[in-house]
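Hi,

Here is the structure I promised to pass on. Have a look at it first, and then read on for what turned up.

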Amino acid sequence: MQRQHDRRASKNRDHFTEQEKRSRMSSERSVGRHEVWSWKTASKESLCLRWQKVKVQLMLSMSFLTALFWYCRRLYSFLAQLLKRWSNYLQRQLIRNLSVLPEVDLLGYSAREWKGETKQAKQMREAYEELFKSCHIKYLRQVRRDNYSVVRAVLFQIFSQGIPFPSWMKERDILKLPEKLLYSQGCNWIQQYSFGPERYTGPNAFGKLRKCMEALKTNWAEISATRDHEERGRMCNTLFSDESKEYKLYEAIKFIMLYEVVEAYEQIKSRDEPVHNLFSLLFARDSSSDPLSFMMNHLNSIGDSIGLDQVELFLLGYLLEVKIRVYRLHRFNTEEFKVNYPDEYRREWNEISLVTEDDRYYHIPLF
């Protein structure tokens, strides 16, 4: 009995031992699983934390880039508007300063300028329609309405068309004309020469005249040497938007007219060679019977209180060696509607055209 009891006790001990082992192994497995789970959880939480940080940084970066893009867009829009306004301002200033405006439609200009049903308005509209239909003139460039109008219109076309110096100007140095007139021909009265609206006379007239001749020669040579038509146009727009420069050109032309009159007067006195008929017409006037009276009564006032009259237009075309065709709209339906200055010209001379409504202010027609 004792033995059986011992065996049972031994089995029970073995059984409890095995259970303890199993329990211990299960506990160890449970601890291992818990450690694995804890590591995974920790790793996941670490990744989540890192992702949250990265996400925050990405959100901040995206917000910064969005704000930067919006700011750059607003800045670009602001600069574009500023540039547009500045460009429009410069364009308005340029147009305001231009003494020869950009081209406009001929009939549109006529309709705007000559409204109403008066006899004069109807005649002017009919004259413009005649230019459009018969003369094939489609556009018009308005010239500033002052007492340099006709000289400006003529010179602008000479420069814009690239017409070279007249033949006599190629043979002589025009810079020496004031000196020749003053010293060689004894015309010391040129100190009474007046520079248009400046009304300047005095001992410095000789120096001012020389600067005017330099301006004419330099600009004429530079522009006529430019072969590209668009570039010539830009150069003309720049030149004829600077009053101080363009006035020098007109005064140089006036002085060349005076020089030609002095030359013709000396030839008539010495009877060396015949002169053009226009000089006979000029000296036949009581107000210009000699070069001095021509300067005092006519040239000095040109640009100030008067423009060029018909005889002086003949002289202008003659000395520049261009045929100036003038459409005189106030003479519509008469023989004087279309006139050439001078009426006698050489075949090789270039032709330029003008439009006038009153023989005082002139515009440039475009065919």
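Aspartate 359 sits in the loop between β5 and β6. In this predicted model, its phi is positive, near 65 degrees, even though the residue is something other than glycine. The loop belongs to a hairpin, with five residues between strands β5 and β6. Those two strands run antiparallel to each other and are paired over two bridges. If you want a landmark there, look for valine 355, which stands opposite histidine 363 of β6.

On its other side, β6 (residues 362–366) pairs with β2 (residues 139–143), again in the antiparallel sense, this time over three bridges. Tyrosine 139 is opposite leucine 366 of β6, and arginine 141 has isoleucine 364 of β6 as its bridge partner. Is β6 mostly covered or mostly open? It is mostly covered, with four of its five residues buried.

Now zoom out to the whole sheet. It is open and has six strands, in the order β1-β2-β6-β5-β3-β4, with mixed pairing. At the edges you'll find β1 (100–105) and β4 (338–341), each of which pairs on one side only. From one strand to the next, the twist averages 30 degrees. Helix α4 (residues 149–160) packs on this sheet and touches β1, β2, β3 (322–328), β5 (350–356) and β6. The direction of α4 makes about 145 degrees with that of β5.

Two other loops are worth a stop. The one between β4 and β5 holds proline 342, and the peptide bond joining tyrosine 341 to proline 342 is cis, with omega about -10 degrees. The loop between α3 (119–133) and β2 contains histidine 136. Histidine 136 is not a glycine, yet its phi is positive, at about 60 degrees.

On to the helices. The protein chain has 12 of them alongside its six strands, and α9 (residues 243–270) is a good one to follow. How do α7 and α9 lie relative to each other? The axes of α9 and α7 (residues 205–224) come within 8 Å and cross at roughly 105 degrees. An angle of 65 to 115 degrees counts as roughly perpendicular, so that is how α7 and α9 are arranged. On the α7 side, the contact is made by Leu209, Cys212, Met213, Ala215, Leu216 and Asn219. The α9 side brings Lys248, Leu249, Glu251, Ala252, Ile253, Phe255 and Ile256. Sorted by class, this contact of α7 with α9 has 10 nonpolar residues, one polar and two charged.

Helix α9 also meets α12 (residues 310–320), where the axes come within 10 Å and cross at roughly 90 degrees. That makes α9 and α12 roughly perpendicular as well. From α9, the residues involved are Ile253, Ile256, Met257, Glu260 and Val261. They meet Glu312, Leu315, Leu316, Tyr318, Leu319 and Leu320 of α12. By class, the contact of α9 with α12 has nine nonpolar residues, two charged and no polar ones.

What about the interior? The largest nonpolar core has 74 residues, and Phe159, Leu258 and Ile324 are those with the most contacts inside it. Which element gives this core its largest share? That is α9, with 12 residues. Phenylalanine 159 is a nice place to start looking around: setting aside neighbours within four places in sequence, it is in contact with Leu216, Trp220, Ile223, Arg232, Cys236, Leu239, Phe240 and Leu249. There is also a second, separate core of 16 residues, which includes Met124, Ala127, Leu329 and Val355. You met Val355 earlier, opposite histidine 363.

Finally, two numbers for the chain as a whole. Of its 367 residues, 38% are buried. And of the contacts with a separation of 6 or more, 72% are between residues 24 or more positions apart.

Cheers

Methods
Residues numbered from 1 in each chain as written. Predicted model: local features only at pLDDT ≥ 70, side-chain atom pairs only at ≥ 80, totals over all residues. Heavy atoms only, no water. Pairing = 2+ DSSP bridges. Axes fitted to C-alpha atoms, helices over the stretch in contact; angles between N-to-C directions. Contact = heavy atoms within 4.5 Å. Parallel < 35°, antiparallel > 145°, perpendicular 65-115°, else oblique. Nonpolar A, V, L, I, M, F, W, Y, C, P; charged D, E, K, R; others polar. Core = buried A, V, L, I, M, F, W, Y, C linked by side-chain atoms within 4.5 Å. Buried < 20%, exposed > 50% of the residue type's maximum accessible area, 1.4 Å probe, protein only.
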